[in-house]
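Colleague: Please take me closely through the ligand site of this model, together with the pockets and enclosed spaces of the protein. I should like one connected account.

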Amino acid sequence: MSQKKLKFNSKTIHGGQKPDKAYGAVMPPIYQTSTFAQTTPGGHQGFEYSRSGNPTRSALENSLASIESGNYGLAFGSGLAAMDAVIKLLSPGDEVISTNDLYGGSYRIFKQIFEKYGIVFHFVGMQNVAEIEKKINTKTRLIWVETPTNPMMNIIDIKAVSKLAQKHNVLLAVDNTFATPYLQRPLEMGADIVMHSATKYLGGHSDVVLGALVVKDKELADQLYFIQNASGAVCGPMDSFLVLRGIKTLHVRMQRHCENGRAIAEYLQNHPKIEKVYWPGLESHPNHAVAKEQMNDFGGMISFIPKGASYNDAIKIVENLNVFTLAESLGGVESLAGHPASMTHASIPKEEREKSGVVDSLIRLSVGIEDASDLIEDLEQAIG
Ligand SMILES: Cc1ncc(COP(=O)(O)O)c(C=O)c1O
């Protein structure tokens, strides 16, 4: 059967993969080498230097392309290194329209690195697509979408934004870290670039930092490959192997993340001491209809606000958790809890973050794949 015809749950295991040529190893070996012997200058077997290409990284890149329904995958040393490569497609004077509620590190690279080089960023609430169109002008080159957003779980209508991007001949990139291709595949909805912090669900075991891009178009892939090689922010063979291994169980892990996510979102929603719960699977979520349309399920990321809580009350709750670990990051098999105002979003000025709802008492959970009743019991004792 052609690999393109495989269903998603088979692509995670087989997509883009062939047994290794040397000994038929079923898992691609970790080619821990910086360089490759040549028989004559230029006489090599497809790889010459591991920044330009490495067989383990290529195996991962092929898998990434397959699971995201793209044609080309590119793997980087981190999610931010992957984003860095996308922005390097642009020139001084070019403009980018981005989600106003996005990962703090994404905001920081836009504002504190690329603004210095003359690239202009606009941050808008993209739940209303008309807000994006208001900012489009002749200098707009890229729309940057994150959905669900981090940490407010807003949902942006990828198909509607992609129609707008095509109408104005602007590239559309989607950070698919929270959803993963198990839940939504932006390239199938008209996006040009999918980006991942593969550190999260794709790796899935909190043991690696890695970033990825996937595209369909050859010319765009060539430009990004040029940047990947010329700037050099590649990932190593061992890290490539770990993410490749993680992807093989993505579908089963995601299924449990979603089930546990629902159990915890419903528990929090019915808790008398909880003011607000942000999870796109709840009917009360303002973008639930769009989420239902574009996602296969709703994931394991949840944010909530305890009633009448201060900055310190929220910190006390996350400190009191025992099964949830207080830590940055998300998407691993273990449940994590975080306090965005002092952790992931501390690099965004207070007025800016509060405008998008990231208040001092907001708590974010990355719900893992443990027994849901243990997680609920843990929350119960911490909320008090
Ligand atoms: C949504 C999102 N995008 C990008 C990144 C950056 O990825 P990395 O930490 O792998 O550089 C993160 C990291 O938390 C993230 O949550």
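Modeller: On a 1 Å grid over the protein atoms alone, a cavity is a set of points where a 1.4 Å probe fits but cannot get out, whereas a pocket is an open set with protein on both sides within 12 Å along at least five of seven lines; lining residues have an atom within 4 Å of a point. Points are joined across faces, edges and corners, and a volume is the space filled by probe spheres set on them. The model is predicted, so local features need pLDDT of at least 70 and side-chain atom pairs pLDDT 80 or more, while totals for chains, interfaces and linings use all residues. Residues are numbered from 1 along each chain as its sequence is written, and side-chain values use heavy atoms, without hydrogens or water.

The ligand sits in the second largest pocket (more than half of its atoms lie within 2 Å of the pocket's grid points). Two elements give two or more residues each to the shell around the ligand, namely helix 3 (79–87) and strand 6 (193–197); helices (H or I, at least four residues) and strands (E, at least two) are DSSP runs numbered from the N terminus. There are 14 residues around the ligand (a heavy atom within 4 Å), and those that come nearest are Gly-79, Asp-175, Ser-197, Thr-199 and Lys-200. The shell comprises five nonpolar, six polar and three charged residues, where Ala, Val, Leu, Ile, Met, Phe, Trp, Tyr, Cys and Pro count as nonpolar, Asp, Glu, Lys and Arg as charged, and the others, Gly among them, as polar.

Three separations describe how oxygen of the ligand meets the protein. A polar backbone atom of Gly-79 is 2.9 Å from a ligand oxygen. In the side chain of Asn-150, an N or O atom is 3.4 Å from an oxygen of the ligand. For Lys-200, the separation between a side-chain N or O atom and a ligand oxygen is 2.5 Å. The protein covers 91% of the 390 Å² of accessible area that the ligand has on its own (Shrake-Rupley method, 1.4 Å probe).

Asn-150 also takes part in an unusual backbone feature: the peptide bond from Asn-150 to Pro-151 is cis, with omega near 10 degrees. Pro-151 belongs to the loop between strand 4 and helix 6. Another cis bond runs from Thr-147 to Pro-148, with omega near -5 degrees, and Pro-148 is placed in the loop between strand 4 (140–146) and helix 6 (158–167). Elsewhere, Thr-180 is not a glycine, yet it has a positive phi of about 65 degrees; Thr-180 lies in helix 7 (residues 180–183).

The pocket that holds the ligand has a volume of about 410 Å³. Its lining numbers 27 residues, with Leu-80, Tyr-103, Gly-105, Ser-197 and Lys-200 closest to the centre. Helix 3, helix 4 (104–114) and strand 6 each supply at least two lining residues, and helix 4 makes the largest contribution, four residues. By class, this lining divides into nine nonpolar, twelve polar and six charged residues.

The largest pocket contains about 700 Å³ of space. Of the 23 residues that line the largest pocket, Asp-20, Lys-21, Tyr-31, Phe-47 and Pro-55 lie nearest its centre. That lining has 13 nonpolar, seven polar and three charged residues.

As for enclosed space, the count comes to four cavities of 30 Å³ or more. The largest cavity holds about 70 Å³. It is lined by 13 residues, and nearest its centre lie Asn-100, Asp-101, Ile-348, Glu-352 and Ser-356. Six residues of the largest cavity's lining are nonpolar, four polar and three charged.

Technical notes
Polar contact = N/O pair within 3.5 Å; in protein donor to acceptor, adjacent residues only side chain to side chain.
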